[in-house]
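Subject: Structure for you to look at

Hello,

Here is the structure I said I would pass on. Please open it next to this message and follow along; my notes come after it.

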Amino acid sequence: MKKDIKKVLFVATECNPFWATGGLGDVIGSLPGALRNAGVDARVMLPLFEKSLDKAGLTRLGQITVPLAWRNQSCGIYTTQRGGVTYYFVENEYYFKRPAIYGEYDDGERFAFFSRAVWEILRFLDYKPDVVHSNDWQTALVPIYHKLIYRDFDKTKDVFTIHNIEYQGKFDRAILGDVFGIDEEHYSLLDFDGCINLVKGAMEVCDALTTVSPTYAQQLSDNYYAMGLGAIVAKNSHKLRGILNGIDEDLYDPSKASGIFAPFDAADLSGKAENKHELQRLLNLPLSDAPMLAVISRLASHKGIDLIKNTLDEILKEDVQLVVLGTGEKSYEEYFSHMQQTVPGKVSAIIAFNKDLAQKVYAASDIFLMPSKSEPCGLSQMIACRFGSIPVVRATGGLKDSIKHYTKKSGNGFVFDGYNGGEFLAAVRKAIGCYRTDKWHELRHNAMTSDFGWSKSARAYIKIYKELTK
């Protein structure tokens with residue numbers, strides 16, 4: 001008989017609504033709640049980044065000392081509940097009272113401390129989860145420390161999720177003992193290409209390995225997508241599963257969203273036009289019913305920005321407007337700013353990270369451009385669908401799994417295969433052409449009613465947890 005799963009602890013460095021820099025924060029902010037709704041006691045443990053959270057709303061549980069190599073560091077423990085989910089926060093001002101969450105010179109040491117603190121706090125709480133579910137390189141040491149040091153948690157299983165394998169936690173071998181507190185005899189576990197690689201180590205020791213879409217899981221067998229770790233993925237392919245992320249459908253509900261100009265839904269789209277015209281006024285674009293194309297993205301090459309750049313002159317020959325919102329590589333920022341000056345009535349470029357404006361752009365736009373070179377899952381295409389902005393995506397990673405090409409009555413977007421300007425431009429033209437037909441209403445309804453909730457994904461994770469704890 002299979003054991004009923006009651007306790008799953010998520011360990012991560014981001015979580016909405018506390019703080020987030022990307023999709024990881026959305027996942028950790030939504031998946032535990034979905035699991036709890038399915039009967040799992042899902043909890044979350046996070047570093048206490050004090051610049052982002054007021055301790056006044058937290059309950060202090062105690063203070064412990066966490067060993068890390070030759071160090072003994074103070075660790076405060078706080079907790080709160082949101083939506084029925086219990087959150088634990090790891091406090092250490094030296095490591096986490098910083099102006100930035102990531103990108104510090106001692107990130108390796110900071111997150112090693114956090115990873116050791118997870119197990120020390122579990123001892124303090126006398127709480128032994130059935131599964132500890134770690135996420136990305138910052139918590140890759142959690143399953144590694146479990147297997148090397150915390151063997152008293154012998155019945156606890158480790159799940160490790162790769163949200164983006166591009167970030168692997170690479171460090172010089174010299175700090176193995178001094179910073180991570182791991183004996184030299186275990187170096188081979190972490191060694192890859194002559195340096196420490198924490199993601200590689202986590203893949204080797206975890207009991208189950210997941211990533212954020214079925215297609216991305218398949219693509220990781222290709223060394224190109226695996227960013228050099230293809231052989232390690234292949235070695236551990238027996239425990240790899242791809243589960244498509246979802247989104248918080250209440251948070252991204254245009255009938256409830258407070259940050260947009262007017263509410264609307266799939267049954268009544270009158271507010272959609274109002275959002276469009278109000279955004280045009282805000283951005284000094286001509287009031288027009290021409291299709292509004294949107295890009296909300298980090299301006300980086302793997303996001304397919306080259307395809308947009310190389311085809312934009314042709315796209316702008318159509319009766320369209322383009323709104324670009326994002327920051328990233330300087331050359332792309334300068335290019336879109338230049339295009340705004342060159343074609344001021346057709347292009348608006350906002351070089352910023354602005355969540356409030358992003359929601360307004362989703363609500364106002366008609367067509368959403370996301371021609372990524374690689375995309376482990378992607379949430380923007382799902383959010384765009386919810387707000388009635390039809391995605392044009394390349395068939396890669398989670399884009400392929402979530403967006404189906406529109407043909408006759410089925411489909412929720414436009415999909416192209418090859419990473420080239422010709423196929424992308426053809427897909428954009430199909431979208432623009434469809435916008436001017438009666439089919440557009442059907443397509444928009446399909447997109448807005450697509451099921452991107454967490455229930456299906458939660459069931460897939462529960463299946464893994466149950467298999468691990470038979």
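In this predicted model, strand β14 (residues 321-325) pairs with β15 in the parallel sense, over four bridges. To find one of the paired positions, go to V324, whose bridge partner in β15 is A349.

These two strands belong to an open sheet of six, with parallel pairing and the order β15-β14-β13-β16-β17-β18. Which strands stand at the edges? They are β15 (347-350) and β18 (414-416); each has a single partner strand, so one side of each has no neighbour in the sheet. From one strand to the next, the twist averages 15°.

Two helices lie across this sheet. Helix α12 (residues 355-364) lies across β13 (292-296), β14, β15 and β16 (367-370), and runs at about 150° to β13. Helix α15 (residues 421-435) lies across β13, β16, β17 (390-394) and β18, and its angle to β18 is about 165°.

Now to some other strands. Strand β7 (residues 157-162) and β11 run parallel and are joined by four bridges. T161 has T210 as its bridge partner in β11. β11 also pairs with β12, again in the parallel sense, over three bridges. There, L209 has L240 as its bridge partner in β12. Are the two faces of β11 covered or open? Both are covered: A208 and T210 on one side, and L209 and T211 on the other, are all buried.

Following the chain on from β12 (240-242), you come to a loop that leads to α9 (270-282), and L244 is in that loop. Which residues does L244 touch, leaving aside those up to four places away in sequence? They are V212, S213, P214, C377, M382, G398, D401, S402 and S457. V44 is 200 residues from L244 along the chain, and the C-alpha atoms of the two are 20 Å apart.

V44 falls within strand β2 (residues 41-47), which runs parallel to β1 and is joined to it by five bridges. One of the paired positions is V11, whose bridge partner in β2 is M45. Strand β1 (residues 7-11) is mostly covered, with four of its five residues buried.

Next, the nonpolar cores. The largest has 95 residues, and L35, F89 and F180 have the most contacts inside it. Helix α3 (residues 107-125) supplies the largest share of this core, nine residues. There is also a second, separate core of 74 residues, which includes L283, A363, V415 and A427. Back in the largest core, F180 is a useful residue to click on. Leaving aside residues up to four places away in sequence, F180 touches L68, G108, A112, L141, Y145, F171, I175, I196 and L198.

On aromatic residues, a search of the whole structure finds 24 aromatic pairs. One of them is W119 with Y150, which is stacked, at 6.0 Å centre to centre and with 20° between the planes. What does this pair tie together? W119 lies in helix α3 and Y150 in the loop between α4 (141-148) and β7, so the pair links parts that are 31 residues apart in sequence. W119 is buried, at 0% relative accessible area, and Y150 is also buried, at 0%. There is also an aromatic cluster formed by F18, W19, F49, Y87, F89, Y94, Y95, F96 and F113.

Last, the cysteines. A disulfide is a covalent bond between the sulfur atoms of two cysteines. How many disulfides does a search of the whole structure find? The count is zero. For C15, the nearest cysteine sulfur is that of C377, 17 Å away. A pair counts as a disulfide if the sulfur atoms are within 2.5 Å, so this distance does not qualify. C15 is buried, at 0% relative accessibility. C434 is in no disulfide either, and the nearest cysteine sulfur to it, that of C385, is 13 Å away. C434 has a relative accessible area of 10% and is buried.

Regards

Note on methods. Residues are numbered from 1 along each chain as its sequence is written. This is a predicted model: local features need pLDDT of at least 70, side-chain atom pairs count only at pLDDT 80 or more; totals for chains, interfaces and linings use all residues. Side-chain values use heavy atoms; hydrogens and water are left out. Contact means heavy atoms within 4.5 Å. Buried means under 20% relative accessible area, exposed over 50%, partly exposed in between (1.4 Å probe, protein chains only). Two strands pair if DSSP finds at least two bridges between them. A nonpolar core is a set of buried Ala, Val, Leu, Ile, Met, Phe, Trp, Tyr and Cys residues joined through side-chain atoms within 4.5 Å. Axes are lines fitted to C-alpha atoms, for helices over the stretch in contact, and angles run from 0 to 180 degrees between N-to-C directions. Rings of Phe, Tyr and Trp (its six-membered ring) pair if their centres lie within 6.5 Å; planes under 30 degrees apart count as stacked, over 60 as edge-to-face and the rest as tilted.
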